[in-house]
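Please open the structure in a viewer and keep the sequence panel at hand. The tour below proceeds by selection, with a short account of what each selection shows.

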Amino acid sequence: MISKKILIDNLKTLFYAFIIAIIIRSLLIQPFYIPSSSMEPTLLVGDRIFVSKFSYGFSKHSFPFSPPIINNRIFFTEPERGDVIVFKTPADNRTDYIKRLIGLPGDTIKFINSNLYLNNSEVLKSLISKKEKIYCGKSTIDVFSFEETLPNGKIYKSVYLKDFPYQNSDPFIVPENHYFFLGDNRDCSKDSRFLS
């Protein structure tokens, strides 16, 4: 039979471990699972990543269940164009998305003939491969692979559908206190072009 003292000691240990886990998850790092192909080839379906919780400061979403204990972001640091960021969708403020930051507040983003334009300047992209296949949901698609270079020098790989890629768009003007995100798998990503 377990003594009362051993039971209390075990409960204390579990309680302290729980508190430490919440502190680490809320303030330092949080694990995420990649459920979709929207960031291929950078992140693949099934990848598990650890995300820094303090890179851009803290908000109510830094804590489990997003309790309304913080109204604004504290210790805020401006993210840089090209960063891969996890954020809550504006639609329900609960679902986590992971995308690449393309537009900062005040920027204008537009697609012309499948080319990305940022503030009326085409984002430089160099063809890497014409023969890649990647996933889009459960389907496999043929894509062109490019290396894109943003104005701040950040370089990353993006892919565009060979047949019928996302061609043209109206200009997207990024409002104050907002950001514009794209998936690296440009034709298989629900991102700022479609989220409001």
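Begin with the sulfur atoms of the cysteines: the count comes to one disulfide. The model is a predicted one. The disulfide is formed by cysteine 136 and cysteine 188, and their sulfur atoms are 2.1 Å apart. The torsion about the S-S bond of this pair is about 95°, so the disulfide is right-handed. Cysteine 136 belongs to strand E8 (residues 124–136), and cysteine 188 to the segment after strand E12 (180–182), so the pair ties together parts that are 52 residues apart in sequence.

Colour the two cysteines by accessibility. Is cysteine 188 buried or exposed? With a relative accessible area of 15%, cysteine 188 is buried. Cysteine 136, by contrast, has a relative accessible area of 24% and is partly exposed. The dividing value here is 20%, under which a residue is called buried.

**The segment after E12**

Remain in the segment after E12 and select aspartate 184, which is placed there. Aspartate 184 has 0% relative accessibility and counts as buried. Which residues is aspartate 184 in contact with, leaving aside its neighbours within four places in sequence? They are Ser38, Met39, Glu40, Thr42, Arg100, Tyr156, Lys157, Ser158 and Val159.

One of these contacts, Glu40, leads to the next stop. Select glutamate 40 together with proline 41: a cis peptide bond joins them, with omega about 10°. Proline 41 is located in the loop between E1 and E2.

**Strands E1 and E2**

Now display the strands on either side of that loop. Strand E1 (residues 29–33) pairs with E2 in the antiparallel sense, over five bridges. To see one of the matched positions, select glutamine 30 and its bridge partner in E2, valine 51.

Next, show the side chains along strand E2 (residues 48–52), where they alternate. Ile49 and Val51 point to one face and are buried. Arg48, Phe50 and Ser52 point to the other face and are not buried. Valine 51 therefore appears in two views: as the bridge partner of glutamine 30, and among the buried side chains of E2.

**The second largest pocket**

Select Tyr33, Pro35, Asp96, Tyr97 and Ile98, which lie nearest the centre of the second largest pocket. The pocket is lined by 15 residues, and about 260 Å³ of space lies in it. Rolling a probe the size of a water molecule over the atoms shows where empty space is left.

E1 and strand E4 (96–103) each supply at least two residues of this lining. Which element gives the largest share of the lining of the second largest pocket? E4 does, with four residues. By residue class, the lining divides into nine nonpolar, three polar and three charged residues.

**The four-stranded sheet**

Move to the open sheet of four strands, whose order is E7-E6-E5-E11 and whose pairing is antiparallel. Strand E7 (121–122) and strand E11 (172–173) stand at the edges, each with a single partner strand, so one side of each is left without a neighbour in the sheet.

Within this sheet, select strand E5 (residues 108–112) and strand E6 (residues 115–118), which pair in the antiparallel sense over four bridges. Lysine 110 stands opposite tyrosine 117 in E6.

Two loops of this region merit a check of backbone torsions. In the loop between E5 and E6, select serine 114. Phi of serine 114 is near 70°, a positive value in a residue other than glycine. Serine 114 is buried, with a relative accessible area of 8%.

Then select asparagine 119, in the loop between E6 and E7. Asparagine 119 also has a positive phi, near 50°, and is a residue other than glycine. Is asparagine 119 buried or partly exposed? At a relative accessible area of 36%, asparagine 119 is partly exposed.

**A last pair for distance**

Finish in helix H1 (residues 4–28), where arginine 25 is found. Arginine 25 counts as partly exposed, at 31% relative accessibility. Draw a line from the C-alpha of arginine 25 to the C-alpha of threonine 140: these residues are 35 Å apart in space and 115 residues apart in sequence.

Technical notes. Residues numbered from 1 in each chain as written. Predicted model: local features only at pLDDT ≥ 70, side-chain atom pairs only at ≥ 80, totals over all residues. Heavy atoms only, no water. Buried < 20%, exposed > 50% of the residue type's maximum accessible area, 1.4 Å probe, protein only. Pairing = 2+ DSSP bridges. Disulfide = S-S within 2.5 Å. Contact = heavy atoms within 4.5 Å. 1 Å grid on protein atoms, 1.4 Å probe; cavity = no way out; pocket = protein on both sides within 12 Å on 5 of 7 lines; lining within 4 Å. Points joined across faces, edges and corners; volume = space filled by probe spheres on them. Nonpolar A, V, L, I, M, F, W, Y, C, P; charged D, E, K, R; others polar.
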